[in-house]
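Biologist: Could you take me through this structure, one step at a time? I would like to begin with a single residue and work outwards.

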Amino acid sequence: MGFDEFESIGSVGDIFNRQGIRLLPAKPKRKNIKNLSKYILWEKEVWKKNRKRCSNCGSKENLTIHHKKPVSEIISENKKVHINDISQLWDVENGVILCEACHKKIH
Ligand SMILES: [Zn+2]
Ligand SMILES: [Zn+2]
């Protein structure tokens, strides 16, 4: 896999394989960036950092990961950058654990 295979990253709904290669044409919208092994590792780090509780209220119920800066925004600012090299995307500081109630409040 080389950089040349990436003309642009596309949107968050695009389909990537586990090597980060965008699959065209994008068929079902089920596999996307969130299925990349690198993303799954990132999520694990965010969970660890936040000690598996809502960083706002401390709840341990209905937890979800929130991106401080949305993935779509990061990707659209880095269209020509290989997905593995978008440092902001893989920055653990960009992720925060929130419970469903707190998450709803900020969206
Ligand atoms: Zn909360
Ligand atoms: Zn969110």
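Modeller: Certainly. In this predicted model, Asn-50 counts as partly exposed, because 17 C-beta neighbours lie inside 10 Å, and a buried residue would need 20 or more.

Biologist: Where does Asn-50 lie in the chain?

Modeller: Asn-50 sits in the loop between H1 and strand E1, the latter being residues 63-67.

Biologist: And which residues does Asn-50 touch, leaving out those up to four places away in sequence?

Modeller: Asn-50 touches Ser-55, Val-96 and Ile-97. In addition, the C-alpha atoms of Asn-50 and Leu-98 are 9.2 Å apart in space, although 48 residues separate the two in sequence.

Biologist: What does Val-96 touch, then?

Modeller: With residues up to four places away in sequence not counted, Val-96 touches Asn-50, Ser-55, His-66 and Lys-68. Val-96 also belongs to the largest nonpolar core.

Biologist: Which residues make up that core?

Modeller: There are five in all: Cys-54, Val-96, Ile-97, Leu-98 and Cys-102. Strand E2, residues 95-99, supplies the largest share of this core, with three residues.

Biologist: Let us turn to H1. What span should its 13 residues have?

Modeller: Helix H1 covers residues 37-49 and should span 18 Å, because each residue adds 1.5 Å and the count used is one less than the number of residues. The end C-alpha atoms of H1 are 18 Å apart, which agrees.

Biologist: What comes just after H1?

Modeller: Arg-51 takes a positive phi there, of about 55°.

Biologist: Now the whole chain. How many helices and strands are there?

Modeller: The protein chain has three helices and two strands, and along the sequence they follow the pattern α-β-α-β-α.

Biologist: What share of the residues is buried?

Modeller: Of the 107 residues in the protein chain, 12% count as buried. As for contacts with a separation of 6 or more, 59% of them join residues 24 or more positions apart.

Biologist: What is the mean pLDDT of the chain?

Modeller: The mean pLDDT is 79, and 75% of the residues reach 70 or more.

Biologist: Where does the pLDDT stay under 50?

Modeller: Residues 1-10 are one such stretch, for which the model has 12 contacts beyond four places in sequence. Over residues 26-31 the pLDDT is also below 50, and that stretch has five contacts in the model beyond near neighbours in sequence.

Methods: Residues are numbered from 1 along each chain as its sequence is written. Chains are lettered from A and ligands numbered from 1 in the order in which they are written. This is a predicted model: local features need pLDDT of at least 70, side-chain atom pairs count only at pLDDT 80 or more; totals for chains, interfaces and linings use all residues. Helices (H or I, at least four residues) and strands (E, at least two) are DSSP runs, numbered from the N terminus. A nonpolar core is a set of buried Ala, Val, Leu, Ile, Met, Phe, Trp, Tyr and Cys residues joined through C-beta atoms within 7 Å. Two residues are in contact if their C-beta atoms, placed from the backbone, lie within 7 Å. pLDDT is the predictor's confidence in each residue, from 0 to 100.
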